[in-house]
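This report covers pockets, cysteines, one helix and two backbone outliers. The sequence and structure come first.

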Amino acid sequence: NDDAGKFTQYRFYTYVSSLYPKCEFLVNESIQGVEKKHKVVVAVKNSGSLVAIAENKSTGNSINKKDITKFFDVINDVKNGEYGTMISDAIHCSSVGFRTDALIELESLKKSRCIDPENTIHFKTVNFEDEMYSIVNI
């Protein structure tokens, strides 16, 4: 029984660290964006540069539009800041699922970003279900 989500959070850390072998893995890190400083659940650095940010929702209701918009805004602000120029991945994991309208909202927000190949961010939505992580597509 994992009502507090502690084992779920540990599983999430393991999943993200497996995606980035030989990278520095920072937990509950504060990162300065253009607008303000953001506290992120996981920040991944490679050779000292921030390359990915990951969030996880382990308990509660499914991820909704408000959650997705907040995540997108954090990633966008950090990417445009001094420390986020090398970010290429943003991962939002969930053990409680994603609402369809949230996934549609993320697609809309992704299209609103500039399409400059140098500044591309790969947004990944990942669900933990049936004892495994899987990418969620619309």
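In what follows, Ala, Val, Leu, Ile, Met, Phe, Trp, Tyr, Cys and Pro count as nonpolar, Asp, Glu, Lys and Arg as charged, and the others, Gly among them, as polar. By these classes, the lining of the second largest pocket has six nonpolar, two polar and three charged residues.

The model is predicted: local features need pLDDT of at least 70, side-chain atom pairs count only at pLDDT 80 or more, and totals for chains, interfaces and linings use all residues. Residues are numbered from 1 along each chain as its sequence is written, and side-chain values use heavy atoms, with hydrogens and water left out.

**Pockets**

A pocket is an open set of points on a 1 Å grid over the protein atoms alone, where a 1.4 Å probe fits and protein lies on both sides within 12 Å along at least five of seven lines; lining residues have an atom within 4 Å of a point. Points are joined across faces, edges and corners, and the volume is the space filled by probe spheres set on them. Helices (H or I, at least four residues) and strands (E, at least two) are DSSP runs, numbered from the N terminus.

The largest pocket holds about 360 Å³ of space. Its lining has 14 residues, and E55, D67, K70, F71 and V74 are the closest to the centre. At least two lining residues come from each of β2 (37-46), β3 (49-57) and α2 (65-79). The largest share, five residues, belongs to α2. By class, this lining has four nonpolar, three polar and seven charged residues.

The second largest pocket holds about 160 Å³. Eleven residues line it, with E107, F123, T125, V136 and N137 nearest its centre. Two or more of the lining residues come from each of α3 (100-112) and β5 (122-129), and α3 gives the largest share, four residues.

**Helix α3**

Does the length of α3 fit, and which way do its residues face? The expected span of a helix is 1.5 Å times one less than its number of residues. For the 13 residues of α3 this gives 18 Å, and the end C-alpha atoms are 19 Å apart, which agrees. Residues are called buried under 20% relative accessible area, exposed over 50%, and partly exposed in between (1.4 Å probe, protein chains only). In α3, A102, L103, L106 and L109 are buried. Seen down the helix axis, these buried residues fall within an arc of 120 degrees, so they line one face of α3; the arc is that of the directions from the axis to the C-beta atoms. On the face turned away from the buried side are the exposed residues T100, K111 and S112.

**Cysteines**

A disulfide is a pair of cysteine sulfur atoms within 2.5 Å, and the structure holds zero of them. C23 is in no disulfide, and the nearest cysteine sulfur, that of C93, is 16 Å away. This separation is too far for a bond. C23 is partly exposed, with a relative accessible area of 21%, whereas C93 is buried at 0%.

**Positive phi**

Two residues with a positive phi, neither of them a glycine, are set out below.

| Residue | Phi | Loop | Relative accessible area |
|---|---|---|---|
| K22 | about 65 degrees | between α1 (6-19) and β1 (24-32) | 84%, exposed |
| D130 | about 55 degrees | between β5 and β6 (132-135) | 71%, exposed |
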